[in-house]
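Open the structure in your viewer and keep the selection tool at hand. The stops below say what to select next and what is there.

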Amino acid sequence: MLTQSGTATPGSETDPLAAFTDRSLLIVDDDKPFSTRLARAMESRGYEVQVAESVAEGVSAVESRAPAFAVIDMRLGDGNGLDVIARLKEQRPEARGVILTGYGNIATAVNAVKLGAFDYLAKPADADEIHGTLMAQPGERADPPENPMSADRVRWEHIQRVYELCGRNVSETARRLNMHRRTLQRILAKRAPR
C-alpha cells in the first residue's frame, strides 16, 4: 500500500492497484474525447480520476493535491506536459507519471524520464497499456503493445507534427524535413497509414 510516507507494501497479485491506498490519478490531455474515454476506463479499474486540459490546470491540480499517478500528454495547447511532470515530482517524488505523445523520439523520451516520468508511451495508447505501465515496478518493462504503430504511421505522424508547427506551410515543412515539396504534397494528400 502507498502509505503517508509514500512507500509501497506488497498487495494483491491479481490487482496490483489494490496495493495502493492512494489511487488518485491525474489525466492531463487537451483531446477531450480521448481524456473522457481514458478517465472512464481508469475509473473502472479503481482509480480516483481528475482531468485537466492544459499545463496550467495540471500544475494547479498538482499543487492543490498531488496525485499518486499521472498520465500527461506531451504537447498541450499552452505548453509542454513535462512541466506538469516536473512539478509533480517536486510535490510528490514517489508519484508514478506516464507521458503520452502522438509523435515519439528518443531525446524527448530521455528528457521525460530524467524529469521523473515513470515511462513514455506513444499515442494511441489504450487503458490496459497505461494501467500496465503505471503498475510496473521500477526497472521493469511493461509488456509490448499488441498493436503498435507501424513505421509508416510513425513517419506520417512526424510529418503531420512538423507541418502543423510550420503553420501548414508546405514549402517550409519540406525545407525542414529535407524533402522535395511535391513529395511532401503527395504524402499530405494521402490518408494516414494504419
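Helices (H or I, at least four residues) and strands (E, at least two) are DSSP runs, numbered from the N terminus. This is a predicted model, in which local features need pLDDT of at least 70 and side-chain atom pairs count only at pLDDT 80 or more, while totals for chains, interfaces and linings use all residues. Residues are numbered from 1 along each chain as its sequence is written, and side-chain values use heavy atoms, with hydrogens and water left out.

**Stop 1: helix α3**

Select Glu90 and Arg87. They are three residues apart in helix α3, so about one helical turn separates them. Their side chains form a salt bridge (2.4 Å, N to O); the term means a side-chain nitrogen of Lys or Arg within 4 Å of a carboxyl oxygen of Asp or Glu. Glu90 counts as exposed, at 55% relative accessibility, whereas Arg87 is partly exposed at 22%. Here buried means under 20% relative accessible area, exposed over 50%, and partly exposed in between (1.4 Å probe, protein chains only).

**Stop 2: from α3 to α2**

Keep Arg87 and add Glu63. A salt bridge joins these two side chains as well (2.9 Å, N to O). This pair links distant parts of the chain, with Glu63 in helix α2 and Arg87 in helix α3, 24 residues apart. Glu63 is partly exposed, with a relative accessible area of 45%.

**Stop 3: Arg92 and Asp22**

Which residue does the side chain of Arg92 meet in a salt bridge at 2.7 Å? The partner is Asp22. Arg92 lies in the loop between α3 (82-91) and β6 (96-101), and Asp22 in the segment before β1, so the pair ties together parts that are 70 residues apart in sequence. Arg92 is buried at 12% relative accessible area, and Asp22 is buried at 16%. Add Arg65 and Glu94 to see a network of salt bridges that links them with Asp22 and Arg92. The count of salt bridges comes to ten.

**Stop 4: Val28**

Select Val28 in strand β1 (residues 24-28). Is Val28 buried or exposed? Val28 is buried, with a relative accessible area of 0%. Leaving aside neighbours within four places in sequence, its contacts (heavy atoms within 4.5 Å) include Ala52, Gly58, Ile72, Leu76 and Val84. The C-alpha atoms of Val28 and Val55 are 7.5 Å apart, with their positions 27 residues apart along the chain.

**Stop 5: Glu57**

Finish with Glu57, found in helix α2 (residues 55-64). At 39% relative accessibility, Glu57 counts as partly exposed.
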